[in-house]
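User: Please take a close look at one part of the model shown below, and then set it in the context of the rest of the chain. A connected account, with the criteria stated, would be most useful.

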Amino acid sequence: MDEQNEKLLQQFFSDAAQQTIADNGFTERVMSQLPPANVKCFTRIWTACCILIAATLFTLFHGWELLLVQMEVFLRTTMADPPQVSPVMVVLTLFSLLMIGVYEVLSYERVIR
């Protein structure tokens, strides 16, 4: 049944792709207003510059020391007073957010291409 549905969908979309709709030049006007393809290169350069600036500032202001102090405070506080939230849940939440971020970056790259 899946193969038959696939064939029907392919036939429907191939027929629809061959149709042209008179839009009085609207499509051409919209396409002419889109940014050129070289903008993609500029966005990547801008992203690289921002990452470089962030890494430089992190290094200049000894960001790793700040992170270590915050982790020490967190661990000392959780040792003195048991947390209401499980550290495993915090790690899983952070990992989930990281995966969502990676997915968004990859999907953004697919859209740009």
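Analyst: Arg-76 is a suitable place to begin: with a relative accessible area of 59%, Arg-76 is exposed (buried means under 20% relative accessible area, exposed over 50%, and partly exposed in between, with a 1.4 Å probe and protein chains only). The model is predicted, so local features are taken at pLDDT of at least 70 and side-chain atom pairs at pLDDT 80 or more, whereas totals for chains, interfaces and linings use all residues. Residues are numbered from 1 along each chain as its sequence is written, and side-chain values use heavy atoms, with hydrogens and water left out.

Arg-76 forms a salt bridge with Glu-72, and the closest N and O atoms are 2.9 Å apart. The criterion is a side-chain nitrogen of Lys or Arg within 4 Å of a carboxyl oxygen of Asp or Glu; by this rule the count is one salt bridge. Glu-72 is partly exposed, at 39% relative accessible area. Both residues belong to helix α4, where they are four residues apart, about one turn of the helix. Helices (H or I, at least four residues) and strands (E, at least two) are DSSP runs, numbered from the N terminus.

The loops on either side of α4 come next. His-62 lies in the loop between α3 (39–60) and α4, and has a positive phi of about 55 degrees although His-62 is not a glycine. Most residues other than glycine have a negative phi. The relative accessible area of His-62 is 38%, which means that His-62 is partly exposed. Asn-24 also has a positive phi, near 60 degrees; Asn-24 is in the loop between α1 (2–18) and α2 (26–33) and is exposed, at 72%. The C-alpha atoms of Asn-24 and Leu-57 are 53 Å apart, with these positions 33 residues apart along the chain.

On the other side, Val-85 occupies the loop between α4 (63–80) and α5. Val-85 joins Val-88, Met-89, Val-90, Leu-92, Leu-94, Leu-97 and Ile-100 in a nonpolar surface patch of about 740 Å². Patches are made of residues with over 30% relative accessible area and no salt bridge, like charges being joined within 9 Å and nonpolar side chains (Val, Leu, Ile, Met, Phe, Trp, Tyr) within 5 Å. Areas come from the Shrake-Rupley method with a 1.4 Å probe, and for residues only the protein chains shown count as cover.

Helix α5 (residues 87–112) contains Ser-107, which is buried at 18% relative accessibility. A polar atom of the Ser-107 side chain lies 3.0 Å from the backbone oxygen of Glu-104.

What of the cysteines: how many disulfides does the structure hold? There are zero, a disulfide being a pair of cysteine sulfur atoms within 2.5 Å. The sulfur of Cys-49 has that of Cys-50 as its closest cysteine sulfur, but at 7.0 Å this is too far for a bond. Cys-50 is accordingly in no disulfide. Both residues are partly exposed, Cys-49 at 36% and Cys-50 at 34%.

Finally, confidence. The chain averages a pLDDT of 84, and 94% of the residues score at least 70; pLDDT is the predictor's confidence in each residue, from 0 to 100. Among the elements of the chain, α3 has the highest mean pLDDT (90) and α1 the lowest (78). Where pLDDT is low, predicted coordinates should not be read in detail.

How values were computed:
Polar contact = N/O pair within 3.5 Å; in protein donor to acceptor, adjacent residues only side chain to side chain.
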